Every structure is written in C-alpha cells, then in structure tokens.
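Trainee: Before I use the labels on this entry, I would like to see how they are earned. Could we go through them one at a time?

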Amino acid sequence: MKNGEIGSKEAIAGDTPSRLIDARIAELGDWRGATLARIRALVRQAVPEVVEEWKWRGVPVWYRAGMICTGETYKNAVKLTFAKGASLDDPAGLFNASLEGHTRRAIDIHEGDTIDEKALKALFRAAVALNES
C-alpha cells in the first residue's frame, strides 16, 4: 500500500469487474464506499454503455472508446483521475488535483464534499466524446 491507499481484494477466478467493485464498496463501509458508489451511479447514468474494469490490484476503471477515469480510494479522499483530463473543458472547475500534468487531471473528493452531479456527468460525457474523436 502507498499514499494511504487501503488494501484491495485480489481478483478470484470468475469474479467480474462489477462484482469486484461491489466488493470494494462494501469493504470500505464508510463515506468512501458511499462516494465511490455514487460516482459509479453517475458514470452509468451519463454513459449507459460504460464498461467497468478492475485494474492495478484494486482500482475501478470506467471505459467507453478508451479510458474515461479511475476511481481510487485513499484514507482521506476518493480520487477520480481522468486519463485525458488536461484536454477536457472544465467550466465548473471540478479538477482540483494533478493539475500540473500534461495529460491527466483529477478530482479529489473528501468527506463532506458536495458533488456537482450535473457538472460531473458532463465531464464523463466530454471524456467519452474526446475518446471517440
């Protein structure tokens, strides 16, 4: 573990990424699990054709025509890292982490933060549109 990342369940033969993400949410059992579940629901609403993957020993990743974002869980934050975030318009100013990178951008969500669901869903859709371009 590094940077305060919590332990993760290893993939067991037959487990689907969706089941592993379900298990991660249940394993967290606190505000981080609730936040990850809410993010997941928003991704699915914004991008009904989204494909869920389980990468790097325990990171949910959402794809549509390429990577949309990851959903990492840390002790003090749920981090959404957008693979091509530096190329996305962010009129609501959601990106608040990894701002110095040339490609990625991230959103750190902390306990008690309010999620601008409309703006976040627009960002998910914009990431897909960029992937498809």
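Mentor: What follows takes the labels in turn and sets values against cut-offs. Keep in mind that this is a predicted model.

Trainee: What makes up the secondary structure of the protein chain, and in which order do the elements run?

Mentor: The chain has three helices and five strands. Starting at the N terminus, the order is α-α-β-β-β-β-β-α.

Trainee: Why are Arg40 and Asp22 called a salt bridge?

Mentor: The criterion is a side-chain nitrogen of Lys or Arg within 4 Å of a carboxyl oxygen of Asp or Glu. For Arg40 and Asp22 the closest N and O atoms are 2.5 Å apart, so the pair is a salt bridge under that cut-off. Arg40 belongs to helix H2 (residues 31-46) and Asp22 to helix H1 (residues 17-28), so the bridge ties together parts 18 residues apart in sequence.

Trainee: Which residue of strand S1 is tied to Arg40?

Mentor: Glu52, whose side chain meets that of Arg40 in a salt bridge at 2.7 Å, N to O. Glu52 lies in strand S1 (residues 51-55) and Arg40 in helix H2, so this pair ties parts that are 12 residues apart in sequence.

Trainee: Which residues are linked in a network of salt bridges?

Mentor: Asp22, Arg40, Arg44 and Glu52. The structure as a whole holds 10 salt bridges.

Trainee: How do you know whether Arg40, Glu52 and Asp22 are buried or exposed?

Mentor: Buried means under 20% relative accessible area, exposed means over 50%, and partly exposed lies in between. Arg40 has 6% and is therefore buried. Glu52, at 9%, is buried by that cut-off too. Asp22 has 40%, so Asp22 is partly exposed. Of the 133 residues of the chain, 43% count as buried.

Trainee: Why does the pair of Arg64 and Glu132 count as a salt bridge?

Mentor: The side chains of Arg64 and Glu132 meet at 4.0 Å, N to O. The limit is within 4 Å, so the pair is accepted. This pair links distant parts of the chain, 68 residues apart: Arg64 is in the loop between strand S2 (59-63) and strand S3 (67-73), and Glu132 is in helix H3 (residues 117-132). Arg64 has a relative accessibility of 31% and is therefore partly exposed, while Glu132 at 52% counts as exposed.

Trainee: What is the strand order of the sheet, and which are its edge strands?

Mentor: The five strands form an open sheet in the order S1-S2-S3-S4-S5, with antiparallel pairing. The edge strands are S1 and strand S5 (105-109), since each pairs on one side only. From one strand to the next, the twist averages 20 degrees.

Trainee: How do you know that S3 and S4 pair?

Mentor: Pairing requires at least two bridges between the strands. S3 and strand S4 (residues 78-82) have five bridges in the antiparallel sense, so the requirement is met. Thr70 stands opposite Thr81 in S4.

Trainee: Which strands do H2 and H3 meet?

Mentor: H2 lies across S1, S2, S3, S4 and S5, at about 10 degrees to S2. H3 packs on the sheet and touches S3, S4 and S5, its direction making about 135 degrees with that of S3.

Trainee: What makes Arg57 and Ser98 worth a note?

Mentor: Arg57 is not a glycine, yet has a positive phi of about 60 degrees. Arg57 sits in the loop between S1 and S2; its relative accessibility is 64%, which is over 50%, so Arg57 counts as exposed. Ser98, also not a glycine, has a positive phi of about 55 degrees. Ser98 is in the loop between S4 and S5, and with a relative accessible area of 26% Ser98 is partly exposed.

Trainee: What share of the contacts comes from residues 24 or more positions apart?

Mentor: Among contacts in the chain with a separation of 6 or more, such residues account for 49%. As for the accessible surface, the chain has about 7,200 Å², and 49% of that belongs to carbon and sulfur atoms.

How values were computed
Residues are numbered from 1 along each chain as its sequence is written. This is a predicted model: local features need pLDDT of at least 70, side-chain atom pairs count only at pLDDT 80 or more; totals for chains, interfaces and linings use all residues. Side-chain values use heavy atoms; hydrogens and water are left out. Helices (H or I, at least four residues) and strands (E, at least two) are DSSP runs, numbered from the N terminus. Buried means under 20% relative accessible area, exposed over 50%, partly exposed in between (1.4 Å probe, protein chains only). Axes are lines fitted to C-alpha atoms, for helices over the stretch in contact, and angles run from 0 to 180 degrees between N-to-C directions. Contact means heavy atoms within 4.5 Å. Accessible areas come from the Shrake-Rupley method with a 1.4 Å probe; for residues, only the protein chains shown count as cover.
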